[in-house]
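User: Please take a close look at a single part of this structure and describe it in one connected account. Begin with the chain as a whole, so that the part can be placed in context.

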Amino acid sequence: MSKELVEALNALEAERGIDRLVVVEALEDALKAAYKKQYNTADNVEAKFDDKKGNISIKQVKNVVLDDDFEDEETEISLSDALTLNRAYEAGDEIRFDVTPKDFGRMAAQAAKQVIVQKMREAGRQAIYNKFSDYEDEIITGEVDRQDARFLYVNLPGNQEAVMAPNDQMPNERYHMGDRIKVLVNKVENNAKGPQVFVSRTAADLVKRLFEQEVPEVYDGTVEIMSIAREAGDRSKIAVYTHDSDLDPVGAMVGQRGGRVQSVVNELAGENMDIVEWVEDEAQYIANALNPSEVTDVIFDTDNDRAVTVIVPDNQLSLAIGKKGQNARLAARLTGFKIDIKSESEAADILDKKSASKVADETEE
């Protein structure tokens with residue numbers, strides 16, 4: 001038994017990376033609990049396991065008290081009795097007596113087995129948690145397993161099950177058992193039931209990671225994705241920027257004959273991609289964000305520095321707003337501005353006032 005325990009400890013440390021001191025501590029707690037349960041004794045017992053030789057011992061701890069204060073023989077020893085053991089004892093000292101039962105081996109073996117199994121299970125859970133924590137906010141390919149009212153279940157590499165909530169599932173996709181899909185690991189939890197991995201197909205970062213896979217300039221940082229606004233399964237707007245004056249960041253994203261962006265579109269079941277250039281000039285950035293419509297003017301609200309009125313040609317109004325307001329909505333989320341879109345004829349008064357104000361300023365100069 002002793003030899004087997006030491007070998008098991010060595011294997012746990014070498015093969016599973018489990019700290020032997022943690023196992024020894026848990027084993028001693030389990031041995032103490034087993035002894036107390038079997039012999040209905042007080043709490044003043046200690047279990048000791050020698051992780052080198054494999055020896056197990058149970059000690060009963062008694063406090064040395066003055067003879068007149070002696071009350072409980074289970075937890076105390078009188079000073080006079082203590083002095084018969086060793087003349088150096090004083091009141092307040094602790095004395096440990098070996099109370100290891102001769103038949104304790106079977107009970108110890110059972111407790112040790114339970115502890116080792118538990119620690120192996122915990123170590124396995126921790127290893128899974130650590131592995132998939134490293135994948136947080138990254139893409140991983142999994143296989144659809146099954147679906148119920150709460151989740152879509154996806155098998156990830158290593159036979160780890162992940163769950164996808166309804167709001168993380170693409171509204172334009174139907175999932176079938178055996179389908180291989182790319183998902184974004186957006187959260188990993190370690191709870192009493194073990195590690196749980198949550199994945200998504202609707203997260204904006206999924207779009208970013210897909211472009212990193214398709215566009216070398218994004219992967220190496222030459223082209224930066226500054227902002228993404230997404231309505232999953234329908235349309236995304238992506239703002240991109242580069243410090244390289246010789247490089248067209250939008251062209252890099254689109255690729256030759258649209259090959260790069262088409263790969264992302266195909267992976268996302270036909271989701272449309274609007275790619276616009278991010279610029280420091282906020283007015284120009286807002287105009288870019290409303291692509292594919294033309295923009296005549298961008299007027300900032302003097303009372304709200306995050307609100308603008310955008311003027312577009314009359315024949316571009318519906319295009320600027322988009323179907324069910326989607327183009328304007330995504331542009332607002334992309335830029336962080338509240339955008340009010342007006343046609344030139346609707347905004348004639350605004351444009352006249354702006355023109356008059358400009359003339360007045362030039363006259364004063």
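Analyst: About 20,900 Å² of the protein chain is exposed, and carbon and sulfur atoms supply 45% of that area. The model is a predicted one. Of the 365 residues in the chain, 41% count as buried. The C-alpha trace spans about 110 × 55 × 45 Å along its principal axes. The radius of gyration is 35 Å, whereas a compact globule of 365 residues would have a value near 21 Å. Among contacts between residues at least 6 apart in sequence, 58% join residues at least 24 apart. The side chains include 45 positive and 72 negative ones, and the centres of these two sets lie 8 Å apart. The secondary structure comprises twelve helices and 15 strands.

The part chosen for the close look is strand 2, which covers residues 56-65. Strand 2 is largely enclosed by the rest of the structure, because seven of its ten residues are buried. Its pairings are with strand 1, strand 3 and strand 4, taken in turn below.

Strand 1 (residues 45-49) runs antiparallel to strand 2, and five bridges join the two. Within this pairing, Glu46 has Lys59 of strand 2 as its bridge partner. Strand 1 and strand 2 form a hairpin with six residues between the strands. In this hairpin Gly54 takes a positive phi, near 90°.

Strand 4 (residues 94-98) is also antiparallel to strand 2, again with five bridges between them. Here Lys62 stands opposite Ile95, a residue of strand 4.

The pairing with strand 3 (residues 76-78) is in the parallel sense and rests on three bridges. Val65 takes part, with Ser78 in strand 3 as its bridge partner.

As a general point, side chains in a regular strand alternate between the two faces of the sheet.

Helix 11 (residues 326-335) offers a helical counterpart in the chain: seven of its ten residues are buried, so that helix is mostly covered. Those buried residues are Gln326, Asn327, Ala328, Leu330, Ala331, Leu334 and Thr335. They pack against several elements, including strand 10 (223-231), strand 12 (272-277) and helix 9 (282-289). After helix 11 comes Gly336, which has a positive phi near 85°.

To return to strand 2, its account comes down to antiparallel pairing with strand 1 and strand 4, and parallel pairing with strand 3.

Technical notes:
Residues are numbered from 1 along each chain as its sequence is written. This is a predicted model: local features need pLDDT of at least 70, side-chain atom pairs count only at pLDDT 80 or more; totals for chains, interfaces and linings use all residues. Side-chain values use heavy atoms; hydrogens and water are left out. Buried means under 20% relative accessible area, exposed over 50%, partly exposed in between (1.4 Å probe, protein chains only). Helices (H or I, at least four residues) and strands (E, at least two) are DSSP runs, numbered from the N terminus. Contact means heavy atoms within 4.5 Å. The radius of gyration is taken over C-alpha atoms; the globule rule is 2.2 Å times the number of residues to the power 0.38. Accessible areas come from the Shrake-Rupley method with a 1.4 Å probe; for residues, only the protein chains shown count as cover. Lys and Arg count as positive and Asp and Glu as negative; His and the chain ends are not counted. The place of a charge is taken as NZ of Lys, CZ of Arg, CG of Asp or CD of Glu. Two strands pair if DSSP finds at least two bridges between them.
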